[in-house]
Structures are given as structure tokens and as C-alpha cells.
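Here are some exercises to work through with the model open beside you. Try each task before you read its solution.

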Number of protein chains: 2
Amino acid sequence: MALIVQKYGGTSVGDTERIRNVAGRIARTRDAGNDVIVILSAMSGVTDELISMAGKIANTPDKREMDVLLATGEQTTVSLMAMTLQAMGYKARSMLGYQAEILTDSRYSKARILDIGAERIKSLIAEGHIVIVAGFQGVDASGDITTLGRGGSDTSAVAVAAALKADQCEIYTDVDGIYTADPNICGKARKLSRISYDEMLEMASLGAKVLQIRSVEFAKKYDVPLHVRSSFNEEEGTMVVHEDANMEKVVVSGVTHSKNEARITLRKVPDMPGIASRILEPVAKAGISVDMIIQNTRLSNMTDLTFTVPKPDLAAALEIEEKIAEEIGAAEVLGDENIAKISVIGVGMRSHSGVASKMFATLASENINILLISTSEIRISCVIEEKYTELAVRALHSAFELDSA
Amino acid sequence: MALIVQKYGGTSVGDTERIRNVAGRIARTRDAGNDVIVILSAMSGVTDELISMAGKIANTPDKREMDVLLATGEQTTVSLMAMTLQAMGYKARSMLGYQAEILTDSRYSKARILDIGAERIKSLIAEGHIVIVAGFQGVDASGDITTLGRGGSDTSAVAVAAALKADQCEIYTDVDGIYTADPNICGKARKLSRISYDEMLEMASLGAKVLQIRSVEFAKKYDVPLHVRSSFNEEEGTMVVHEDANMEKVVVSGVTHSKNEARITLRKVPDMPGIASRILEPVAKAGISVDMIIQNTRLSNMTDLTFTVPKPDLAAALEIEEKIAEEIGAAEVLGDENIAKISVIGVGMRSHSGVASKMFATLASENINILLISTSEIRISCVIEEKYTELAVRALHSAFELDSA
């Protein structure tokens with residue numbers, strides 16, 4: 001008898017009919033002799049509806065109250081799911097964030113889980129209940145409702161699985177698993193049967209959109225095996241697990257792309273100590289996260305500094321830099337939205353050389369100019385012109401022998 | 001500086017526009033130098049929508065889970081209201097049932113308030129916040145969400161007012177106050193400026209629909225003055241207060257009617273000790289509440305027994321009585337849905353005689369047959385044929401000199 005944690009996303013519980021389907025899946029897991037804890041998201045679209053309702057009331061609604069409002073979404077799905085399972089003859093019980101004692105800090109709208117008081121869930125499981133926990137929400141030390149940010153239910157699921165030492169954490173979503181590339185733009189993309197936490201972390205942060213990045217960090221830290229799979233069929237998905245020797249034999253596991261960034265360049269900046277911090281600190285202080293940073297020396301005392309920011313923050317960041325450029329005497333500030341970041345990812349890179357040069361050569365052979373480069377131990381990313389995104393992904397996918405037969 | 005509790009019903013917070021209007025009213029009360037605690041219902045229609053959603057899932061949804069589901073309604077309005085007030089520049093904070101420590105028993109869907117831990121509300125008030133409390137919901141000793149039944153937000157408001165020793169509890173609704181009769185059927189009905197708790201209790205239980213009966217019991221017990229008024233205008237409504245000498249000068253304060261009951265008669269029942277309990281106990285055990293009971297002796301050893309039950313329970317009660325009639329050898333069981341209960345109510349009855357005979361004479365003069373009679377210290381009720389309802393109300397309203405000029 002295993003303890004299985006299952007998380008179902010918003011599409012999987014989008015209406016009462018789908019809730020019934022998911023209940024059937026939960027019931028089969030239970031019937032197979034397992035203890036089951038289920039984490040649910042809000043019905044798809046509901047969170048956006050609530051945000052739009054609040055938007056009618058205030059331009060920047062108070063974050064504490066926003067979390068109170070948003071938490072109703074998961075409260076609705078967990079109660080409906082518990083009712084459904086009960087109507088099918090199962091013992092089931094819903095648990096909200098405060099009831100499951102999902103203790104977080106007080107950073108409303110992006111709280112972090114500090115601890116989970118698993119006692120109540122444990123005793124419900126011991127009594128034979130299927131426990132249905134509201135994802136995405138927690139409670140802070142004063143008893144206020146917090147939420148964990150977009151995709152936070154994944155983190156709820158992993159945290160619950162970690163706290164209860166679950167045998168497996170299944171993440172049910174509307175895709176079959178993790179692919180070697182986005183199947184929408186790369187027809188030869190293949191589903192991966194296994195991937196390491198580190199690779200998944202790189203993929204999540206680069207736009208694979210399947211798992212909240214924090215949930216993967218959590219899973220890695222607490223050694224929770226994740227199974228990412230579809231709630232609409234019975235196929236095995238992708239296991240996200242610790243790295244093993246087999247994985248290292250594959251040089252590159254996947255190619256990802258992101259169109260969510262924009263580039264800012266300050267030209268002819270006087271090159272003096274502390275200049276990079278002078279340029280970047282005000283952006284960070286405005287709450288804008290800077291990703292890649294490149295400094296090119298042009299002349300002996302002049303440099304160009306280029307960095308990327310999330311596309312929605314471009315206008316705000318440009319405004320900040322215009323002022324700074326004037327203060328420090330830079331020649332001009334350029335903004336560019338039409339860029340994409342293409343990455344190749346694989347733990348095999350640790351033991352294989354030549355990945356970067358192969359990537360550059362592949363892009364060059366397609367006449368794709370590389371604007372920026374950044375690397376990690378298991379990832380190489382190139383910023384290119386946005387219009388080449390699809391071509392670049394497909395070329396790299398072939399070059400690194402990821403294409404399906 | 002007074003402490004004012006204001007409760008707004010579902011129609012008053014029916015959409016974001018109305019929420020804004022109500023926020024304006026709350027703000028004016030605050031600007032006048034008062035501390036303000038607000039209790040809100042769910043947006044009108046939302047509770048019914050949630051019930052219908054649960055109905056798609058299970059014929060008899062689990063009551064614990066139903067309360068989790070229904071509690072989302074008030075959670076939505078309190079967060080939206082707090083955001084609205086904050087956007088207007090006021091300090092405001094929402095409190096859910098468990099946060100306001102509205103401790104109840106565990107009778108889901110009809111829980112009773114046991115205690116209110118007012119400390120958190122008190123400290124928020126001391127910090128200058130307007131506190132917005134979710135009505136209708138509480139929390140039991142295990143931390144589970146409970147709800148207080150239809151109209152439960154009234155009781156939430158009175159209980160909070162009692163716990164915090166508020167100077168006044170204002171119940172904002174979609175009617176102007178308490179009327180001498182239902183204005184929809186009695187054009188000459190007048191709004192009462194004052195009414196006693198006891199009269200209000202009789203009115204509430206007889207169909208006046210304005211206040212949950214339990215809220216009035218609470219207000220009487222803890223000496224909370226209630227002000228029932230409209231949220232759509234600025235007029236004074238009706239004060240519900242302790243009886244005073246002036247009230248006793250008026251013999252009858254109001255005439256009420258209810259079409260919500262049905263009558264069951266068992267004919268030719270053998271008259272022996274314990275027979276009434278034999279007939280009525282199984283009905284009570286089925287959870288059906290019996291209101292009026294009349295036993296008429298027909299022959300030396302035969303009796304007719306008549307009682308009333310809520311109309312929706314008639315079929316179930318008849319089924320039970322058919323069996324009993326057979327067992328005890330009664331001649332037949334008759335059911336009648338086409339009845340109405342008409343009542344005249346007034347604390348003045350305590351010191352005035354002749355009210356009953358005047359009521360009977362008035363009905364007789366209109367050729368209205370009285371089917372059943374019951375009385376309390378301050379009320380006389382007659383069951384009549386339903387078709388005479390409006391005529392009876394108007395005739396009694398005139399006879400007891402309640403008509404507006």
C-alpha cells in the first residue's frame with residue numbers, strides 16, 4: 001500500500017463533468033489499495049475572472065484581500081470533489097490551506113511555504129479518507145490567507161508529498177508530459193520518459209510552462225519523485241527524478257524557447273568601476289528582474305551594456321535607463337522586444353564537451369545571428385531575433401539527435 | 001464615538017456597482033466619527049447558484065462540504081468590499097468566520113453560534129480599521145467551516161454586535177423596515193417605527209421574511225438594539241427594541257400571513273391514551289416540524305386529529321400517516337395544501353381583552369371559515385382557506401385600526 005499524492009490543474013477540474021472524470025481516476029487509485037491525497041487548482045478561468053472582478057474595483061487591489069478572494073477558487077473545487085467522491089461511496093474530506101496547516105510567510109500573492117502541519121491529514125488518512133487539499137493557498141502566522149503565485153498548486157502538491165513522505169507525487173495536467181521541445185512548433189518533439197530535477201528546473205524557467213519552478217526545487221530538496229502526466233488519458237507521462245548515470249549518456253535532453261523577454265542596450269557608456277551596478281540597481285529596485293547581462297568593451301574607455309528584462313517590464317525599465325543614460329553620459333538607450341531565447345538543456349553536458357560550439361554552428365548554418373549568450377552547467381542559451389524562433393528550435397532539435405523516428 | 005455594526009444583505013452587494021454604493025455608506029458612517037464593523041452576505045443569487053452546482057454532483061451533497069462551498073460566497077464579498085474601501089483611502093480588513101473566531105457547534109448547514117472571540121476584531125478596530133466580517137459562516141471546534149442557515153448573516157451581525165457591545169446593529173436590506181402587513185397584498189400597510197423583540201419574533205416565524213428569527217432571539221437576549229432599514233435610501237427604518245409602556249397602548253402591531261403550511265387530518269381515530277404521540281412522533285423523527293395540533297372529540301370513543309406541517313414536507317408526512325392510520329385503525333387520512341395561516345400580533349394583547357373575538361368576528365363578517373386556531377400571549381393565529389388570504393389580511397388590518405390615513 002503506497003501513499004500517492006495527485007495534483008489536478010484547472011483544465012482537469014474545469015466543470016462538474018470533468019470533476020466527475022477526475023473523481024473516477026482518484027477512485028481507481030484508491031481501489032488499487034493506495035492511500036490518496038489530492039491537491040486541486042481552481043477551475044480554469046476562475047482565477048482570471050476573480051482578478052478581473054477585483055480590477056473593476058481598484059487599480060491595484062490590496063494583496064491581502066486579493067488572496068482572500070482568489071482562495072475561493074480552490075475552496076470551490078475541493079468541496080465539489082469531496083462531494084463527488086462521497087456520492088460515489090468513498091470517504092472523502094476537503095481541507096483548505098489553513099486546515100491543512102500549510103504555513104507560509106506573509107508575502108501575499110507570492111507566499112512561500114515554511115512548514116506543513118501534516119497531523120490532521122495523517123489522521124484523516126488513517127481513518128480511511130481520501131483527503132482533498134486546496135492547492136495554491138496557505139495561511140500565515142496570523143491566520144491570514146496567502147496564495148503561492150501562478151502554478152502554486154504544484155508546489156502545494158510537492159510540499160504535501162514531502163511532509164507526508166509520499167511514495168509518489170503525480171502532477172496531472174493538460175499535456176502528456178515533458179517534451180524535448182514544444183510540439184506546437186517542433187513536429188518531431190518526443191515525450192521524455194525521465195528527466196532530472198536540474199534539467200526540469202532549467203526547462204521550467206525557460207518557458208516549458210508545465211510545472212511551477214518552485215515545486216521542482218521543493219521536489220529536488222525533499223527527494224519527491226514527480227510524475228507529470230495527462231488527466232485526459234491513461235498514458236505514462238514523464239518522471240522527474242534525481243539524476244542517474246543513464247541520463248548522462250544523453251548530451252542534450254531538450255530545446256526550449258521563450259519569447260517573454262526584451263533587450264535593453266546602453267551604448268557608449270563610460271567604462272568605470274561600479275558602472276554596471278549604477279545601471280542595473282535602479283531596475284532591480286523597481287522590482288524588475290534582469291536575466292542576462294553582457295558588457296562589451298568597444299573603445300578603450302567606452303563600453304556597451306546589454307541586459308534582458310521580462311517583456312511587460314520593458315517600458316518601465318526603458319524609462320529608468322533614459323534617466324541614467326543622461327546622468328552617466330551614455331550615448332543612447334535601445335530597447336528591442338523582437339527577441340527570443342533559445343536554450344539547449346542536458347545534464348550530459350557536464351561530461352561532454354563541444355555542445356556550445358555545435359549549437360553556435362547549427363544556428364550559423366541557418367544564418368541565425370546570435371545576439372547574446374549565457375550558460376549554466378547544464379544549459380546554453382542564445383538570444384536571437386524572434387522571427388527565427390521556430391527555425392532555431394527545429395534545427396537544434398535535429399542537430400542534437402532529439403527528433404522522433 | 002459609537003461602535004456601529006452594519007449588516008448588508010445579498011441584494012445590497014449584488015454587483016461591484018452596488019458594493020461601491022454600500023462602501024460609500026460605510027465610509028459616511030466612519031467619517032461621522034464612528035467605529036464600524038460590517039457583516040456581509042453573499043451576492044444575491046450566488047448561494048443558489050452554488051447549491052445548484054452541488055446538485056449536479058450529488059442528490060444530497062455532504063453537509064460539511066456544502067458549507068465549505070457556500071462559504072465562498074461571503075468570502076468573495078468581504079474581500080471585494082475591503083478592496084473597495086481601501087481604494088477609497090480607508091483602512092479596511094476582511095475577516096472570515098474562522099478568523100473572526102465565530103465559534104459554532106458542528107451542525108453543518110444550520111450551526112449555532114457558541115461564542116465569538118472578539119479580540120482580533122477589537123485590536124483591528126483599535127488600529128483604526130473598518131472590519132468587514134463574512135456573515136453566515138463560522139468555524140467549529142475542529143476548525144471546520146460551518147454555516148448558520150438561510151438568513152444566518154443577520155445572526156452573525158447581532159452576535160458580533162453583542163460580543164463587542166456595539167451601540168447599534170443596523171440591518172440593511174431591500175425593504176424599508178417592518179410593516180404592519182405585507183405591502184404587496186395590503187395597500188394600507190404602514191412602516192412601524194418601533195417594534196418589540198417579542199413581536200418581531202412572532203412576525204419572523206410567521207413569514208415576514210425580513211430577519212432570521214435566531215438573530216432576534218440573540219438581540220433580545222444580549223440587549224442589542226436592531227435598526228432594520230433599506231440600503232437603497234437614507235430613510236429611517238424600524239427599530240427592534242425591548243418592549244416599553246408606549247407599545248402596550250397599541251393592541252395589535254401587525255397582521256401576518258403564511259402560505260407555507262399544509263394540513264393533515266386523521267379521521268375517526270380510536271381515542272386512547274398516548275394516541276397523539278403515536279401519530280406525531282414518527283413525523284418528528286422524520287425531521288418534519290409540526291406546528292399547530294388540534295384534537296376534536298367526535299364520538300365517545302373516536303376523535304379527529306389535525307396538525308400542520310411545512311408544505312414541502314406534506315407528501316412525506318402523508319406517507320407516514322397512511323401507515324399509522326392502518327395500524328391504529330383510523331378511518332382515513334386527509335391532506336390539504338390550500339390553507340393559509342393569518343395572525344394578529346401585539347404586545348398590547350397582554351393587557352387588552354377581546355382581541356380574539358374581534359378577529360373571529362371580522363373573519364366571519366367576510367364569510368371566511370376558520371379551520372384551526374392557535375394562540376400565544378401576544379399572537380392569535382387562524383388557519384383559513386388559502387384563497388381568502390388577501391381578503392383576511394386587509395379586513396383584519398382595517399378592523400384593528402392599522403390602516404394608513
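Helices (H or I, at least four residues) and strands (E, at least two) are DSSP runs, numbered from the N terminus. Keep in mind that this is a predicted model.

**Exercise 1. Place B:Gln168 in its chain and decide how open its surroundings are.**

Step 1: Find the element. B:Gln168 sits in strand β9 of chain B, a run covering residues 168-173.

Step 2: Count the neighbours. There are 16 other C-beta atoms within 10 Å of B:Gln168. A residue counts as buried at 20 or more and as exposed at 12 or fewer, so B:Gln168 comes out as partly exposed.

Step 3: Look for partners from elsewhere in the sequence. Leaving aside neighbours within four places, B:Gln168 is in contact with B:Ala2, B:Ile4, B:Pro225 and B:His227.

Step 4: Check one distance. B:Gln168 and B:Gln6 are 162 residues apart in sequence, yet their C-alpha atoms are 8.4 Å apart in space.

**Exercise 2. Describe chain A as a whole, from its helices and strands to its radius of gyration.**

Step 1: Take stock of the elements. Chain A has 12 helices and 20 strands.

Step 2: Test the compactness. The radius of gyration of chain A is 23 Å, and the globule rule gives 22 Å for 405 residues. Those values are close, so chain A is as compact as a globular protein of that length.

Step 3: Box it in. Along the principal axes, the C-alpha atoms of chain A fill a box of roughly 75 × 55 × 30 Å.

Step 4: Look at burial and contacts. Of the 405 residues of chain A, 48% count as buried. Among contacts between residues at least 6 apart in sequence, 75% join residues at least 24 apart.

**Exercise 3. Work out where A:Ile19 lies and whether it is buried or exposed.**

Step 1: A:Ile19 belongs to helix α1 of chain A, residues 16-31.

Step 2: A:Ile19 has 24 other C-beta atoms within 10 Å, so it is buried.

Step 3: Not counting residues up to four places away in sequence, A:Ile19 touches A:Val13, A:Leu80, A:Met81 and A:Thr84.

Step 4: For a distance check, go to A:Ala42, which is 23 residues from A:Ile19 along the chain. Their C-alpha atoms are separated by 11 Å.

**Exercise 4. Work out how chain A meets chain B, and which helix supplies the largest share of the chain A side.**

Step 1: Size up the contact. It takes 25 residues from chain A and 25 residues from chain B.

Step 2: Find the suppliers. In chain A, α2 (46-57) and α3 each give at least two residues to the side that touches chain B. The largest share, 13 residues, comes from α3(A).

Step 3: Sort the side by class. The chain A side has 12 nonpolar, 10 polar and 3 charged residues.

Step 4: Pair up the α3 helices. Helix α3 (residues 63-87) of chain A packs against helix α3 (residues 63-87) of chain B at an angle of about 165°, with the axes 8 Å apart. Angles over 145 degrees count as roughly antiparallel, so that is how α3(A) runs relative to α3(B). Their crossing is left-handed.

Step 5: Name some of the residues. Among those making this contact are A:Leu69, A:Thr72 and A:Thr76 of α3(A) and B:Leu69, B:Thr72 and B:Thr76 of α3(B). The residues of this helix pair divide into 10 nonpolar, 8 polar and 2 charged.

Step 6: Now bring in α2(A). α2(A) packs with α3(B) at an angle of about 30°, their axes 9 Å apart, and the crossing is right-handed. Here A:Met53, A:Ala54 and A:Ile57 meet B:Leu80, B:Met83, B:Thr84 and B:Ala87. By class, this contact has 6 nonpolar, 1 polar and no charged residues.

**Exercise 5. Compare the surroundings of B:Phe136 and B:Glu401: which is buried and which is exposed?**

Step 1: Start from the backbone. Most residues other than glycine have a negative phi. B:Phe136 has a positive phi of about 75°, and phi of B:Glu401 is positive too, near 60°.

Step 2: Place them. B:Phe136 lies in the loop between β6 (130-134) and β7 (137-139) of chain B. B:Glu401 is in the segment after α12 (389-399) of chain B.

Step 3: Count neighbours. B:Phe136 is buried, with 29 other C-beta atoms within 10 Å, whereas B:Glu401 is exposed, with 9.

Terms used
Residues are numbered from 1 along each chain as its sequence is written. Chains are lettered from A and ligands numbered from 1 in the order in which they are written. This is a predicted model: local features need pLDDT of at least 70, side-chain atom pairs count only at pLDDT 80 or more; totals for chains, interfaces and linings use all residues. Axes are lines fitted to C-alpha atoms, for helices over the stretch in contact, and angles run from 0 to 180 degrees between N-to-C directions. Angles under 35 degrees count as roughly parallel, over 145 as roughly antiparallel, 65 to 115 as roughly perpendicular and the rest as oblique. A crossing is left-handed if the near helix is turned anticlockwise from the far one by less than a right angle, and right-handed if clockwise. Two residues are in contact if their C-beta atoms, placed from the backbone, lie within 7 Å. Ala, Val, Leu, Ile, Met, Phe, Trp, Tyr, Cys and Pro count as nonpolar, Asp, Glu, Lys and Arg as charged, and the others, Gly among them, as polar. The radius of gyration is taken over C-alpha atoms; the globule rule is 2.2 Å times the number of residues to the power 0.38.
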